[in-house]
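Here's a quick tour of this protein, starting at its surface and working towards the overall fold. Have a look at the structure first.

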Amino acid sequence: MPNQHKLIQEMLQTFKRVSKISVFRNTVESLTEMEKCLLMKLYFYEQDHKNPLSIKELSHIFNIRSASIIQFINALENYQYVKREHSTEDKRMTFITLTEVGRQLAVAVYKDDLRIFDTLEKKFGSTISTTLTQLNNILDTLESMPIEHITLSNQERSHTQHDTNLDTR
């Protein structure tokens, strides 16, 4: 039992530290983390496939509603990092492409990501890739676990309150 207590405390401390760290903390101060993720997804997809992604495809990739992804696209569009292009075959379909400024920004973010990865690789060696995969698997497992809300019944609360009152006498 004490070992489990120590592991739980360590896990909670780790989550607390992770929530405070933004690996991409100073790369693009004007963008939210989601906006940066969207920018980078567009950049990598463009590099790998040479064609743009539609709003519908982006909403599937990020597993959020189209209306939500449009809010992030609007923000990137306001900064002139992306532009919309309507399909010539289907006017209902809109593709999102990087502007030259957006592409330059994505390249700068990518270079900074490489610098971070190089730092980690120098410190931890070639096992960093395996470690990151394991960390992602742990996070996937935690995300897939159902959340059980813990509540005390009125009887338990009154019993706890009674015990507290006895302790303060």
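Start on the outside: in this predicted model, a nonpolar patch sits on the surface, made of Ile8, Met11, Leu12, Phe15, Phe117, Leu132, Leu135, Ile138, Leu139, Leu142 and Met145. Together these side chains add up to about 910 Å² of accessible area. Two helices, α1 (2-20) and α6 (128-144), each put in at least two residues of the patch, and α6 gives the largest share, with five residues.

Ile138 is one of the patch members and belongs to helix α6. Is Ile138 buried or exposed? Neither quite fits: its relative accessible area is 48%, and because exposed means over 50% and buried under 20%, Ile138 counts as partly exposed.

Now for some helix packing. The axes of α2 and α4 come within 10 Å and cross at roughly 85°. An angle of 65 to 115 degrees counts as roughly perpendicular, so that is how α2 and α4 lie to each other. Here's who meets whom:

| Helix | Range | Residues in contact |
|---|---|---|
| α2 | residues 33-49 | Met34, Glu35, Leu38, Leu39 |
| α4 | residues 66-78 | Ile69, Phe72, Ile73, Ala75, Leu76 |

Zooming out, the protein has seven helices and three strands, running α-α-β-α-α-β-β-α-α-α from the N terminus. Of its 169 residues, 21% count as buried. The protein exposes about 13200 Å², with carbon and sulfur atoms supplying 54% of that area. As for contacts between residues at least 6 apart in sequence, 48% join residues at least 24 apart.

How values were computed: Residues numbered from 1 in each chain as written. Predicted model: local features only at pLDDT ≥ 70, side-chain atom pairs only at ≥ 80, totals over all residues. Heavy atoms only, no water. Patch = residues over 30% accessible without salt bridge, like charges linked within 9 Å, V, L, I, M, F, W, Y side chains within 5 Å. Areas by Shrake-Rupley, 256 points an atom, 1.4 Å probe, with all protein chains shown as cover. Salt bridge = Lys/Arg side-chain N within 4 Å of Asp/Glu carboxyl O. Helix = DSSP H or I, 4+ residues; strand = E, 2+ residues; numbered from the N terminus. Buried < 20%, exposed > 50% of the residue type's maximum accessible area, 1.4 Å probe, protein only. Axes fitted to C-alpha atoms, helices over the stretch in contact; angles between N-to-C directions. Parallel < 35°, antiparallel > 145°, perpendicular 65-115°, else oblique. Contact = heavy atoms within 4.5 Å.
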